[in-house]
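Biologist: I am new to this structure and would like a close look at a single part of it. Could you take me through one strand and its surroundings?

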Amino acid sequence: MLHAKSESDITSLAPSSPSRSPKRPVYYVQSPSRDSQDGDKSASMQPTPSFNSPMESPSHPSFGRHSRNSSASRFSGIFRSSSGRKNGRKRNDKGWPECNVILEEGKYDEFDEEKGLTRRCQALLALLGFVVLFTIFCLIIWGAGRPFKAEITVRSMVVNNFYVGEGSDFTGVVTKMMTVNASLRISVYNPATFYGIHVTSTPINLIYSDIVVASGQLKKYFQPRKSRRTVLVSIEATKVPLYGAGSSLDAATNGGFKVPLKLEFEIKSRGDVVGKLVRTKHKKEISCDLVIDSISTKPIKFKKNSCVYS
């Protein structure tokens with residue numbers, strides 16, 4: 001394939017006068033057109049003699065199209081000779097020289113592990129913070145619910161049956177026997193404003209000279225907030241032996257008996273403030289003194305000073 005020669009090429013090929021300067025060695029310039037068509041190591045080279053004067057050299061600035069092409073060819077040849085042939089580097093399909101890839105040592109998994117550990121710590125801290133805040137909230141609610149104790153008042157007791165007579169116990173020992181059947185009336189008030197209470201009691205004992213002659217039990221029930229309720233507890237026993245304590249019981253002139261007794265029991269209340277997580281528990285011990293007349297049918301009323309609440 002023939003290439004059109006530029007004016008600078010024609011000038012460079014013209015014979016120079018031997019009188020001016022001696023001949024200089026010829027050097028070669030690579031053609032850019034052949035480099036762009038294939039990436040092969042072989043390239044077209046064309047001889048270019050040296051020039052006698054700077055004006056005759058193609059490096060002299062020129063405004064012509066051929067001059068620019070010649071300059072581009074010359075610089076392209078220099079770049080190829082310095083980068084491609086001298087360094088011995090291979091070229092890829094696009095004509096760029098290949099470079100060795102720098103491999104970084106170390107793994108990136110450890111950074112992912114650090115991120116995972118950080119997230120795990122954040123989750124644990126968030127959970128711990130929630131537990132602490134919830135605990136503080138529960139303590140505040142518990143402290144607010146503590147002062148609301150159930151108010152217990154023993155109102156009265158109705159004696160349905162009371163009998164003292166002679167008998168013998170299960171071993172055959174002769175002694176005095178006591179039979180009691182009574183109903184105790186108790187008033188319970190729940191002052192709490194935002195929770196109800198569960199009310200129960202220990203056995204309600206009727207005691208004569210340290211001997212339990214009758215007993216009853218308050219059934220467990222639920223009482224709403226800010227409410228008052230009156231409950232009835234049945235206290236009864238049949239033929240309880242008194243042994244030596246019954247010797248002091250003498251019949252009255254009218255055939256009746258007046259027996260000093262003591263009523264002892266404990267009322268328990270439990271309030272579920274925040275379900276089963278926060279609860280308030282209270283108990284109140286009650287002790288009342290009374291006298292039962294076997295021939296009287298009137299209910300026994302308890303005054304404020306008749307019972308001790310602790």
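What percentage of the 310 residues in the protein do buried residues make up, and which strands are joined to strand β10?

Modeller: This is a predicted model, in which local features need pLDDT of at least 70 and side-chain atom pairs count only at pLDDT 80 or more, while totals for chains, interfaces and linings use all residues. Residues are numbered from 1 along each chain as its sequence is written, and side-chain values use heavy atoms, leaving out hydrogens and water.

Buried residues (under 20% relative accessible area, with a 1.4 Å probe and protein chains only) account for 31% of the 310. Strands here are DSSP runs of E with at least two residues, numbered from the N terminus, and two of them pair if DSSP finds at least two bridges between them. Strand β10, residues 258–274, runs antiparallel to strand β5, residues 197–201, with five bridges joining them, and H198 lies opposite R270 of β10. Three bridges link β10, again in the antiparallel sense, to strand β6, residues 204–208, where N205 has E264 as its bridge partner. With strand β11, residues 278–293, β10 shares 16 bridges, also antiparallel, and L261 faces L290 across them. The hairpin of β10 and β11 has three residues between the strands, and G275 adopts a positive phi near 60° there.

The largest nonpolar core (buried Ala, Val, Leu, Ile, Met, Phe, Trp, Tyr and Cys residues joined through side-chain atoms within 4.5 Å) has 49 residues, of which L184, L206 and L263 touch the most other members. Beyond its neighbours within four places in sequence, L206 is in contact (heavy atoms within 4.5 Å) with several residues, including L261, L263 and L290.

How values were computed
Helix = DSSP H or I, 4+ residues; strand = E, 2+ residues; numbered from the N terminus. Buried < 20%, exposed > 50% of the residue type's maximum accessible area, 1.4 Å probe, protein only.
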